[in-house]
Amino acid sequence: MKNLTVSFKPTFNNFQPLWIYFVKNRWALAAGVLSLLIVDFLQLMIPLIIKEAINILVVQTSGTGALLVKQGATIGMIALFIALFRYVWRHLLLGHSRKVEQGLRNRLYGHIQTLSLSFFQNTKTGDLMARAVNDINAVRMACGMGLVALVDGFVLGTAAIGFMISIDWRLTLISLIPAPIVVVLTRMVTHQMSARFERVQKSFSDLTEQARESFSGIRVIKAHQREVWEYDKMKAGGERYVGESMHLARTLALFFPLMTLVTNAGLAVVILLGGRYTISGTITPGDFVAFISYLNLLTWPVMAMGWVVSLIQRGSASMRRINDILETVPEIQDSSGKNERDTQSKWEKGVSGKAEGAIDFFGLSFRYPDQKEYVLKDVNLKIRPGETIAIVGRVGSGKTTLLQSLPRLLDVPENMVFVDGRDIRNLPLITLRKKIGFVSQDVFIFSDTVYNNVAFGTDDVTDEEVKQALGVAGIREEMEALQNGLGTLLGERGITLSGGQRQRLTIARAVVGDFSILILDDALSMVDTRTEEGILNRVLDLRRDRTNVIVSHRVSTIRRADRIFVFDRGRLKEDGTHESLILLGGVYAALYEEQLLRESLENGGVNSP
Ligand code: ADP
């Protein structure tokens, strides 16, 4: 008992965030519950009418035909109303559960989008998908059928028992002997069923994930001739899925026959004992039949009692998992000071007259959460508006980390990173990110048209601008030559682009954005040197008066920069123009030599600048 009261509160507390949907849908809910109660009431009337009909048959000897027509017509009417109100409650109550589902899904999705990158790095996509699908489903079931079973189980159950007691209390007591067994049995089976069901779900999602992985990695599989190996893995996954499904089917297959056995055992006792009471005249034949009808009616509420506990427990567990996400606070918090916004809007309008695109790093040191090593160490760096700078350094020297701190994809401490003279931590995220275009190494193309992939949610972009951007990115002709031109679908539902095409399309997206700062983090690694040179020349020509920050391994690209910053193991080691750094003969000069050698090897040893 103690356990029950202890777990009751948290079970319901988990549902707290859903309260608003219940308040919002209160009229529909009230009307739904009322219809449900009317159906219950009408169902409870049927045995009474049967009772009267039987009594008429037994007592009356003449004129029974006409009387029975009346009883029959009444039952017909009741059935009609039951059908009508059942439709109404299903529509309203199950409709309510769908609205809860929709509200919760939108809230979860909206919230997940605000979370910081680190959240996504630490959470598996599959896990998020499972929450968005299975957990929300379980919550919907609890809010819909759970509610129905609770009301029905309670009202129909107590009323039916009440009517049975009014006929004969001893008979009622005896007939209720199997009821606790049914409740416990339902509870046990549904409990087991949900555990089994979860295992079926899990094995199915494993199977899907495996299929997805093997298709997206098909090139590697073919190249290494691992087709048979993959096939065997898939086969084993399929067998696991069938095995789990069979387990579930066996549990279900056992449940219904067992139920029939238990409830019919009760019926047998009632017929034996009730029959005797009828013969002895303790109850009328009508009472006897009505009693059996109530007993039949009771089967569902008794099962519902067992079911409702599982539905609500499962829904509550799912709600707890969803709440875990909803309660996750984005690590990167938006600034919300009023003064900040006031000065911000002036600044945005350019009242201060300052050219945009200045970047300052003041003694920036940074390490990733849970890591010992600092990946950026006391970085001091100043970029003037309209400058094009290159950042150079070996893999792992901290270039990406530095650049990701600018649009606050990573969060750095206060007073260390400034954009246009403002601490980025004090700028509204939306303003900051509107200023900065970021093209990283891993490009992403959405399953949408070429046009939408470039315009990417920007309303005020014209067709001309999209085409111009495609031209700058050196991909306009290729895209226009597609079957539906810029309206061609890309991605999963459309055509597949090569890595280089994807990168060029992403560059076009960044060009359309017309940002005051553009960051290209190794953004053209998959196109050849000559093409990269052409694209960068066009991008930089177009953005002559804007700030451009470029990370590249290609000598020709780096040379175009006004200034070059050289990083080594998290420290800014050198900075200057290409010529001055070569003269210095330090890290840059060594890197430059290496790159030159590599490029000339890639070009067959004939291309030396
Ligand atoms: P670069 O862009 O110069 O190759 P990065 O900034 O990507 O360098 O990486 C710098 C260092 O930070 C590397 O040692 C890398 O392993 C580490 N690092 C990068 N991202 C993370 C992360 N999300 N969590 C922990 N360490 C990271």
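**Group meeting: the ligand shell, strand 8 and R199**

In the ligand site, a nitrogen atom of the ligand sits 3.3 Å from an N or O atom in the side chain of Y368. Before I go on, please note that this is a predicted model.

Two other side chains make contacts of this kind. For K399, an N or O atom of the side chain is 2.9 Å from an oxygen atom of the ligand. For T400, the corresponding distance from a side-chain N or O atom to a ligand oxygen is 2.6 Å. On its own, the ligand has 560 Å² of accessible area, and the protein covers 63% of that.

Which residues are around the ligand? Going along the sequence, they are Q121, Y368, Q371 and V375, then R394, V395, G396, S397, G398, K399, T400 and T401. Sorted by class, this shell has 7 polar, 3 nonpolar and 2 charged residues. Which helix gives the most to the shell? That is helix 13, residues 399–404, with 3 residues.

Now to strand 8, which covers residues 547–551. Is this strand buried or exposed? Of its 5 residues, 5 are buried, so strand 8 is largely enclosed by the rest of the structure. In a regular strand, side chains point alternately to one face of the sheet and the other. Here both faces are covered. T547, V549 and V551 are buried on one side, and N548 and I550 are buried on the other.

Strand 8 has pairing partners to describe as well. Strand 3, residues 388–393, runs parallel to strand 8 and is joined to it by 4 bridges. Within that pairing, I389 has V549 of strand 8 as its bridge partner. Strand 7, residues 517–521, also pairs with strand 8 in the parallel sense, over 5 bridges. There, L520 is partnered with I550 of strand 8. How does the chain get from strand 7 to strand 8, and what is the hand of the crossover? The path goes through helix 19, residues 529–542, and this β-α-β crossover is right-handed.

My last item is R199. This residue is located in helix 8, which spans residues 178–216. The relative accessibility of R199 is 41%, and the band between buried and exposed runs from 20% to 50%, so R199 counts as partly exposed. R199 and L248 are 49 residues apart in sequence, and their C-alpha atoms are 9.1 Å apart in space.

To recap the ligand site, the side chains of Y368, K399 and T400 each place an N or O atom at the distances I gave. That is all I have for today.

Technical notes:
Residues numbered from 1 in each chain as written. Predicted model: local features only at pLDDT ≥ 70, side-chain atom pairs only at ≥ 80, totals over all residues. Heavy atoms only, no water. Near = heavy atom within 4 Å. Polar contact = N/O pair within 3.5 Å; in protein donor to acceptor, adjacent residues only side chain to side chain. Areas by Shrake-Rupley, 256 points an atom, 1.4 Å probe, with all protein chains shown as cover. Helix = DSSP H or I, 4+ residues; strand = E, 2+ residues; numbered from the N terminus. Nonpolar A, V, L, I, M, F, W, Y, C, P; charged D, E, K, R; others polar. Buried < 20%, exposed > 50% of the residue type's maximum accessible area, 1.4 Å probe, protein only. Pairing = 2+ DSSP bridges. Right-handed = clockwise from strand over helix to strand, strands pointing away.
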